[in-house]
Amino acid sequence: MRILCVIPVRGGSKGIPRKNLRPIAGKPLVAWTIEQALAAKEELAGEHELRVVVSTDDAELADIAREYGAEVPFIRPAHLAEDTRSEERRVGKECRSRWSP
């Protein structure tokens, strides 16, 4: 089975500005999520193919995501990174537009 793990990561945050870049125990917050997804990938190896993809509107977050081993195949357009959009719609739209046959 092929599994696509999409981690949506916005650059903007109203509550805690740039929270996904903030260090928690020595690593950016987003790194912890990526590492857990990659650990699942290792656990499923042999049984399933798992891709870990970060969807972000922020170039700095994209660089950090790549540094921690996630794929970042594109930078999400700003209009899809607003806090009024649901994650499911945001991710679904990008996946359909980027990976549909």
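Is Lys27 buried or exposed in this predicted model? At 18% relative accessibility, Lys27 counts as buried, because the cut-off for that class is under 20%. The legends below take this residue first and then move to other sites.

**View 1. Lys27 with Glu35 and Trp32.** The side chain of Lys27 forms a salt bridge with that of Glu35, with N and O 2.6 Å apart. Glu35 counts as partly exposed, at 27% relative accessibility, whereas Lys27 counts as buried. Lys27 also has a ring beside its charge: its charged end sits over the ring of Trp32, 3.7 Å from the ring centre. As for pairs between aromatic rings, the structure holds 0.

**View 2. The salt bridge between Glu71 and Arg51.** The side chains of Glu71 and Arg51 meet in a salt bridge at 2.7 Å, N to O. This pair links distant parts of the chain, with the two residues 20 residues apart. Glu71 belongs to the loop between α2 (59–67) and α3 (87–99), and Arg51 to strand β4 (residues 49–56). Both ends have some access to the surface: Glu71 counts as partly exposed at 30% relative accessibility, and Arg51 is partly exposed with a relative accessible area of 29%. Side chains of opposite charge can pair when their charged atoms come close.

**View 3. A salt bridge within helix α2, and a charged network.** Arg66 forms a salt bridge with Asp63, and their closest N and O atoms are 3.5 Å apart. Arg66 and Asp63 are 3 residues apart in helix α2, so about one helical turn separates them. Arg66 counts as partly exposed, at 40% relative accessibility. Arg18, Asp58 and Glu60 are joined into one network by salt bridges that share partners. In total, the structure holds 5 salt bridges.

**View 4. Strand β4 and its pairing with β1.** Strand β1 (residues 2–9) pairs with β4 in the parallel sense, over 8 bridges. One of the residues to look for is Ile3, whose bridge partner in β4 is Leu50. Strand β4 is largely enclosed by the rest of the structure, because 6 of its 8 residues are buried. Arg51, also in β4, is partly exposed, with a relative accessible area of 29%. In a regular strand the side chains alternate between the two faces of the sheet.

**View 5. The largest nonpolar core, seen around Val54.** The largest nonpolar core has 16 residues, of which Ile7, Ile34, Val52 and Val54 touch the most other members. At least two residues of this core come from each of β1, α1 (29–44), β4 and α2. Val54 touches Ile7, Val9, Ile34, Ala65, Ala70, Glu71, Val72 and Pro73, when residues up to four places away in sequence are not counted. Among these contacts is Glu71, whose side chain also meets Arg51 in the salt bridge of View 2.

**View 6. Asn20 and Ser13 in the loop between β1 and β2.** Asn20 lies in the loop between β1 and β2 (23–24). With a relative accessible area of 14%, Asn20 is buried. Leaving aside neighbours within four places in sequence, Asn20 is in contact with Val9, Arg10, Pro28, Leu29, Val30 and Leu61. Ser13 has its place in the loop between β1 and β2, and at 18% relative accessibility Ser13 counts as buried. With neighbours within four places in sequence again left out, the contacts of Ser13 are Arg18 and Lys19.

**View 7. Positive phi at Arg18 and Ala25.** Most residues other than glycine have a negative phi, and most peptide bonds are trans. Arg18 is not a glycine, yet has a positive phi of about 55 degrees. Arg18 is found in the loop between β1 and β2 and is partly exposed, with a relative accessible area of 30%. Arg18 is also part of the network with Asp58 and Glu60 and a contact of Ser13. Ala25, likewise not a glycine, has a positive phi of about 50 degrees. Ala25 lies in the loop between β2 and β3 (27–28). Ala25 is exposed, with a relative accessible area of 70%.

Key
Residues are numbered from 1 along each chain as its sequence is written. This is a predicted model: local features need pLDDT of at least 70, side-chain atom pairs count only at pLDDT 80 or more; totals for chains, interfaces and linings use all residues. Side-chain values use heavy atoms; hydrogens and water are left out. A salt bridge is a side-chain nitrogen of Lys or Arg within 4 Å of a carboxyl oxygen of Asp or Glu. Buried means under 20% relative accessible area, exposed over 50%, partly exposed in between (1.4 Å probe, protein chains only). Helices (H or I, at least four residues) and strands (E, at least two) are DSSP runs, numbered from the N terminus. Two strands pair if DSSP finds at least two bridges between them. Contact means heavy atoms within 4.5 Å. Rings of Phe, Tyr and Trp (its six-membered ring) pair if their centres lie within 6.5 Å; planes under 30 degrees apart count as stacked, over 60 as edge-to-face and the rest as tilted. A charge sits over a ring if NZ of Lys or CZ of Arg is within 6 Å of the ring centre and within 35 degrees of the ring normal. A nonpolar core is a set of buried Ala, Val, Leu, Ile, Met, Phe, Trp, Tyr and Cys residues joined through side-chain atoms within 4.5 Å.
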